[in-house]
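Q: I would like a close look at one part of this chain, with its surroundings described afterwards. Please keep the account plain.

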Amino acid sequence: MHADNFTNWLHNQRRSIHRIAVLTGAGISAESGIPTFRGEDRFWHGQEPAQFFTPEALVTFPNECWVFFDHLRVISAGTVPNAGHQALATLQDTHQVTLATQNIDGLHQRAGSSEVLELHGTLWRVRCDNCDFSVEDNRTPLPELPPLCPGCNGILRPDVVMFTEALPADALHRAWQAAEECDLMLVIGTSGAVYPAGAIPDIAQSHGALVVEVNPNRTALSDEMDAVVRGTAVNALPVVVQALQA
Ligand code: NAD
Ligand code: ZN
């Protein structure tokens with residue numbers, strides 16, 4: 001449906017919505033200028049970004065990986081939250097909101113969302129796999145690539161979840177719980193192809209919540225949604241949030 005029809009659809013559900021769980025993916029940041037990795041606009045000189053998201057890559061070609069991650073940090077630092085991020089932040093004024101994101105860019109926090117569950121970690125923290133060193137680091141570009149651990153002199157890594165790695169247990173548990181307890185779940189800008197995050201909407205629905213997708217394109221999750229709003233985060237999300245707050 002078009003975003004303008006969401007108000008009517010919501011009204012017809014005759015449900016009172018108090019608790020809202022939100023799951024976002026790379027699509028919500030696309031209009032801020034951070035390309036998704038799967039879209040046609042995916043960047044990096046024709047190279048596949050996914051190749052840098054493995055623990056093995058960081059060991060085998062750390063310099064190339066860090067040039068990539070530093071580039072992603074520089075791009076992210078140069079962007080600002082868009083109307084979609086902002087709409088979600090205002091939703092906290094009227095509803096109990098739990099926001100889980102697969103993004104690593106920090107834009108939800110910068111828009112004012114509190115308690116963001118970072119399912120795939122963040123670009124803005126680096127840590128060491130050899131010892132337990134971990135630090136917030138917002139510098140762009142980093143002065144030294146690859147960055148080295150002050151504790152053991154090993155190569156640091158961004159605190160992001162790479163392919164084959166487990167999601168942070170606490171964030172995942174809380175996102176799962178929010179899905180079980182919410183009245184409505186918004187699924188925004190995610191292909192649903194990455195598990196286990198892609199399974200979260202199903203949890204919400206099987207516990208009785210309405211699940212609503214906001215995405216300009218069809219996804220692996222579209223068919224199971226109660227409502228599909230075909231629009232971008234910037235165009236559709238403010239309309240959807242306004243309907244929820246009416
Ligand atoms: P993905 O495939 O889940 O996200 C892309 C989705 O966004 C698609 O369904 C697409 O239709 C949708 N989309 C595109 N433009 C949109 C818009 N303007 N509004 C709403 N939706 C839109 O994720 P991915 O790009 O394959 O990334 C995989 C993983 O890589 C992520 O989960 C994340 O960990 C990391 N990543 C992070 C960022 C970021 O932090 N901004 C960006 C790219 C990738
Ligand atoms: Zn170390």
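Between which two elements is the loop where Pro196 lies?

A: Pro196 lies in the loop that runs between strand β7 (184-188) and helix α8 (200-206). The model is a predicted one, and the values below are computed from it. Within this loop, Tyr195 and Pro196 are joined by a cis peptide bond, with an omega of about 5 degrees.

A second cis bond is found elsewhere, leading from Thr140 to Pro141. Its omega is near -15 degrees. Pro141 belongs to the loop between β5 and β6. A further backbone feature concerns Arg14, which is not a glycine but has a positive phi of about 50 degrees. Arg14 sits in the loop between α1 (6-13) and β1 (19-24).

The loop that holds Pro141 connects to a sheet. Strands β5 and β6, which bound this loop, are the edge strands of an open sheet of 3 strands, ordered β5-β4-β6. The pairing in this sheet is antiparallel. Strand β5 covers 134-136 and β6 covers 157-160, and each of them pairs on one side only. On average, neighbouring strands are turned by 45 degrees against each other, direction ignored. In general, strands of a sheet pair through backbone hydrogen bonds. Here β4 (residues 121-127) and β5 are linked by 3 bridges in the antiparallel sense, and Val126 stands opposite Val135 in β5. Across β4 and β6 lies helix α4 (residues 62-77), which runs at about 125 degrees to β4.

The ligand is the remaining topic. Ligand 1 is surrounded by 24 residues, and the closest are Phe37, Arg38, Asp105, His120 and Asn215. By class, this shell holds 13 polar, 8 nonpolar and 3 charged residues. Its largest share, 3 residues, is supplied by helix α2 (residues 27-30).

Several contacts can be named atom by atom. Asp105 has a polar side-chain atom 2.7 Å from a nitrogen atom of ligand 1. At Gln102 the backbone is involved: one of its N or O atoms lies 2.8 Å from an oxygen atom of the ligand. For Thr190, an N or O atom in the side chain is 3.3 Å from an oxygen atom of ligand 1. On its own, ligand 1 has 850 Å² of accessible area, and the protein covers 91% of that.

Definitions and conventions: Residues are numbered from 1 along each chain as its sequence is written. Chains are lettered from A and ligands numbered from 1 in the order in which they are written. This is a predicted model: local features need pLDDT of at least 70, side-chain atom pairs count only at pLDDT 80 or more; totals for chains, interfaces and linings use all residues. Side-chain values use heavy atoms; hydrogens and water are left out. Two strands pair if DSSP finds at least two bridges between them. Helices (H or I, at least four residues) and strands (E, at least two) are DSSP runs, numbered from the N terminus. Axes are lines fitted to C-alpha atoms, for helices over the stretch in contact, and angles run from 0 to 180 degrees between N-to-C directions. Contact means heavy atoms within 4.5 Å. A residue is near a molecule or strand if one of its heavy atoms lies within 4 Å of it. A polar contact is a pair of N or O atoms within 3.5 Å; within protein, one must be able to donate a hydrogen and the other to accept it, and residues adjacent in sequence count only if both atoms are side-chain atoms. Accessible areas come from the Shrake-Rupley method with a 1.4 Å probe; for residues, only the protein chains shown count as cover. Ala, Val, Leu, Ile, Met, Phe, Trp, Tyr, Cys and Pro count as nonpolar, Asp, Glu, Lys and Arg as charged, and the others, Gly among them, as polar.
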